Amino acid sequence: MPELPEVEVVRRGLERWVSGRVVSDVQVLHPRAVRRHVAGGEDFGARLKGHRIGLARRRGKYLWLPLADSAQSVLAHLGMSGQLLVQPHDAEDEKHLRIRVRFDDAQGTELRFVDQRTFGGLSLHDNTADGLPDVIAHIARDPLDEAFDDAAFHLALRGRRTTIKRALLDQSLISGVGNIYADEALWRSRLHYERPTGTFTRPRTAELLGHVRDVMNAALAVGGTSFDSLYVNVNGESGYFDRSLDAYGREDEPCRRCGTAIRRRPWMNRSSYFCPRCQRPPRASS
């Protein structure tokens with residue numbers, strides 16, 4: 001699943017190539033791509049026509065296009081394989097093209113939603129007073145948000161009575177962090193993924209947040225993490241942060257810090273990658 005850096009790369013592309021344009025036509029080519037818009041594809045298209053797209057926005061892993069002249073937004077669910085691509089009108093249709101949005105201008109490009117596995121989609125929602133689509137009003141701010149409250153996060157972390165990786169992936173506590181960047185930030189912090197949150201001091205929490213921000217900014221600088229052709233920006237270009245990963249996906253490779261082989265363990269239907277020497281498990285679970 002794309003995490004904050006990958007979604008932010010797409011948001012920046014949409015801001016550059018789509019924001020400010022007026023929708024002239026919408027073609028829904030697969031009903032599952034608008035299944036969250038309960039009124040269906042025809043209604044979805046009709047409600048978008050004639051509206052101007054505002055500045056693309058993001059909170060954590062969630063991306064949306066506000067309608068500048070309306071109190072509604074188009075929420076994009078990228079799922080496991082969803083892509084938002086800006087393509088010339090005459091470009092050949094992608095095999096898994098699901099939605100096409102054209103604009104009332106002479107730029108000669110259109111927005112395409114492509115989704116191989118059809119887990120993602122677009123949907124139209126009312127905005128909250130804060131400008132968020134109402135269905136994601138419960139999502140916490142992300143660590144790159146200027147309004148993120150470090151002190152409040154620490155108190156919430158201490159009060160959860162869970163383990164640190166579970167807390168990092170809790171989008172109601174801190175948004176945007178997924179399996180990849182959780183493992184990377186924990187490796188940088190020398191923390192085991194099962195460390196109880198109740199043991200965190202304020203300095204330890206501050207250090208962890210610093211590493212979360214550092215790894216996400218480093219990923220953003222190179223376009224995010226692309227393990228295959230599914231994670232791309234609006235121009236179809238892949239990111240390169242997979243070449244800089246220190247823990248995730250490096251099972252049996254030497255730790256870049258101490259040389260010990262990185263281990264992988266099953267974790268909540270996912271995997272956790274860690275260095276058994278640098279990230280020792282808490283005593284209670286050993």
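This is a short tour of a few strands and one pair of helices.

Before you start, note that this is a predicted model, in which local features need pLDDT of at least 70, side-chain atom pairs count only at pLDDT 80 or more, and totals for chains, interfaces and linings use all residues. Residues are numbered from 1 along each chain as its sequence is written, and side-chain values use heavy atoms, with hydrogens and water left out.

**Stop 1: strand S4**

Select residues 72–77, which form strand S4. Helices (H or I, at least four residues) and strands (E, at least two) are DSSP runs, numbered from the N terminus. Is S4 largely enclosed or not? Six of its six residues are buried, so S4 is largely enclosed by the rest of the structure. Here, buried means under 20% relative accessible area, exposed over 50%, and partly exposed in between (1.4 Å probe, protein chains only).

In a regular strand the side chains alternate between the two faces of the sheet. Colour Gln72, Val74 and Ala76 for one side of S4, then Ser73, Leu75 and His77 for the other: both faces are covered.

**Stop 2: the neighbours of S4**

Now add residues 62–66, strand S3, which pairs with S4 in the antiparallel sense over four bridges. Two strands pair if DSSP finds at least two bridges between them. Look for Leu65, whose bridge partner in S4 is Val74, and for Pro66, whose partner is Ser73. Five residues make up the hairpin link from S3 to S4.

Next, show residues 121–126, strand S8, which pairs with S4 in the antiparallel sense over six bridges. In S8, His125 stands opposite Ser73.

**Stop 3: back to S3 and on to S2**

Four of the five residues of S3 are buried, so S3 too is largely enclosed by the rest of the structure. Select residues 57–59 to see strand S2, which is antiparallel to S3 over three bridges. Arg58 faces Leu63 of S3. The hairpin of S2 and S3 has two residues between the strands, and Gly60 takes a positive phi near 60° there.

**Stop 4: two helices**

Finally, select helix H3 (residues 150–159) and helix H6 (residues 202–221), which pack at an angle of about 115° with their axes 10 Å apart. Axes are lines fitted to C-alpha atoms, for helices over the stretch in contact, and angles run from 0 to 180 degrees between N-to-C directions. To see the contact (heavy atoms within 4.5 Å), show side chains including Phe153 and Leu157 of H3 and Leu209 and Arg213 of H6.
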